[in-house]
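Q: How are the terms for this structure applied, and what do they rest on?

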Amino acid sequence: MKKLPLILALDTSCDETAAAVTNGTTVLSNVIASQAELHRPYGGVFPTIAKQAHKENIDRTIALAMKRARITIDQLDAIAVTQGPGLAPALEVGITKAKELAREFKKPLVAVNHIEAHVLSPLAIRNSQVISAESFHPPMNVLSLVISGGHSEFILIKEVGSYQRLGWTIDDAAGECLDKVGRMLDLGYPAGPVIEQFAKKGDAKAYQFPLPMTLSGDYNLSFSGMKTHSRNLIEKLTADGHALTAQETYDFCASFQRAVFRHLTYKLEKVLLDHPEITAVYLGGGVAANRQLRKALRETLKKSGRGLRLHVPYSNRLCGDNAAMIGVVAHFKFQRGETVKDLDQLDRQPRWAIS
Ligand code: KG4
Ligand code: ZN
C-alpha cells in the first residue's frame, strides 16, 4: 500500500493557535490553543492581541501536536500552513514559523486556503478509524456550506482542488451575527454555543424575525438586517426599564437562532433546485457544531427528495478553527505536487477567496 504523507499543519488565521499532525486524511493529533478568554472583553477578535498570543503559544502548540502524534520532525514529509484568508498579523505568525521549520529541517511547504480547509473538513478521519484507500470516494459535485464567524458561503466542490463559489454573505457572517446579537444579550464571546443551549429552553415562535434576501434571485446571504431587527426588538422589550427575564432570553435565542438557520435553509433549497448535479452536502465552520442547524439542514435535504446526505466533521474540534483540516487539504495538494517553490515569495493572503 502506498505510504501516505505525514504532515505537520499550522493555522493562526484568527484567534486559535492550532497545530496538527495528519497522515493522509487521518488526524494523528489536533491541538488548539484558544484565545477566546483574551478577546472576551472586546466581544470579538482584537488582531494585535491575537498576534501576540500566537507568538507566545505557537512553539508549545507544535511541540504538543508532535508529541501526541508520536512523531519526530525528521519523520515528516511536509509542513503546511494557512496562507489566508484571515487576520494579516495573525496569519504572519504561522507563516513565519512554517518557513522557519521548512528551512531548518529541509521539508517541502504547502500553503493552504483556510476556506478550502473548512470545505474539506468532513473528509478528516479519526486515527482509530480504519478506512482503505479503495473505499475512499473523492467528492465530486458536492455542495459545501462553510458557516463560521468569518464566512458564510455556498461552495460547489466540482472535485478536490476545483471549486465554484455559488453564494456568500454580502455583510456579516452567520457566526458573527450570532456573536453580535449575543453581545446585546450579554451572553459573552463567542455567543453561538450559548445561544444554542438557551434556544433549547425557549419557544422559537415567540418572536417574529424577517426572512432576508428572498427576492434577490441569487444564493447570497445577508445577516445585518437580522442584527438590526434584534437590536430594535430588545429595545422594545426592555423599554419600560426591565431587563429581559430568563424565559424571555430563552425565547429570544430560540426565535433568533431559528431565523438565522431559516435564512440558510431557504437559500440551500434554492441552490438544490437549480443544481441537479449535486450529489451530497458537506457542512464546515464553527457554526457547524450546532445540532439544531444540522437538523434543519437534514430536514431540507429530506424535503428535496433526492436522497442527499449531510456530511459533517467527525468532531466539534474540526468545526471551529483547527489545523487538522489544514493538513487534510495539504495532503491533496502535496499529492499533486503543489508545494511552495520559493519560500521568500510566500506571503499571507488575508482576503484569499476560494475560487
Ligand atoms: O470556524 P470558527 O472557529 O472561526 C472562523 O473561521 O470564523 O467559527 C467561530 C464561530 C463563532 O461565531 C461562534 O459563535 C460560532 O462559530 N459557533 C457556534 C457554535 N459553536 C461555535 N455557533 C452556533 N452554535 C454553536 N454550537
Ligand atoms: Zn475558520
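A: Buried means under 20% relative accessible area, exposed means over 50%, and partly exposed lies in between (1.4 Å probe, protein chains only). The model is predicted, so local features need pLDDT of at least 70 and side-chain atom pairs count only at pLDDT 80 or more, while totals for chains, interfaces and linings use all residues. Residues are numbered from 1 along each chain as its sequence is written, chains are lettered from A and ligands numbered from 1 in the order in which they are written, and side-chain values use heavy atoms, with hydrogens and water left out.

Q: Why does Ser121 count as buried or exposed?
A: Ser121 has 0% relative accessibility and therefore counts as buried. Ser121 lies in the loop between α4 and β6 (125-126); helices (H or I, at least four residues) and strands (E, at least two) are DSSP runs, numbered from the N terminus.

Q: What does Ser121 touch?
A: Contact means heavy atoms within 4.5 Å. Not counting residues up to four places away in sequence, Ser121 touches Leu283, Gly284, Pro313, Leu318 and Met325.

Q: What makes the site of the zinc ion (ligand 2) regular or irregular?
A: Donors are N, O and S atoms within 2.8 Å of the metal (3.2 Å for Na, K and Ca); water is not among the atoms, so sites may look incomplete. The protein donors here are His114 (NE2), His118 (NE2) and Asp321 (OD), lying 2.0 to 2.1 Å from the zinc ion. Four donors count as tetrahedral if all angles lie between 85 and 135 degrees; four count as square planar and six as octahedral if opposite donors are over 155 degrees apart and all others between 65 and 115; anything else is irregular. The angles among the four donor atoms are 91 to 136°, and the site is irregular.

Q: Where do His114 and His118 lie?
A: Both are in helix α4 (residues 114-120), four residues apart, about one turn of the helix. His114 and His118 are both buried. The donor residues are spaced H-x3-H-x202-D in sequence.

Q: Why does the span of helix α3 agree with its number of residues?
A: The expected span of a helix is 1.5 Å times one less than its number of residues. Helix α3 (residues 88-105) has 18 residues and should span 26 Å; its end C-alpha atoms are 26 Å apart, which agrees. Lys106, with a positive phi near 50°, follows α3.

Q: Which elements cover the buried residues of α3?
A: The cover includes β1 (6-11), α2 (47-69), β4 (78-84) and β5 (109-113). Among the buried residues of α3 are Ala90, Leu91, Val93 and Lys97.

Q: What makes an atom pair of ligand 1 and Asp179 a polar contact?
A: A polar contact is a pair of N or O atoms within 3.5 Å; within protein, one must be able to donate a hydrogen and the other to accept it, and residues adjacent in sequence count only if both atoms are side-chain atoms. An oxygen atom of ligand 1 is 2.7 Å from an N or O atom in the side chain of Asp179. An oxygen atom of ligand 1 is also 2.8 Å from a polar backbone atom of Gly149.

Q: Why does Asn141 count as partly exposed?
A: Asn141 is at 26% relative accessibility, and so counts as partly exposed. Its phi is near 55°, a positive value in a residue other than glycine.
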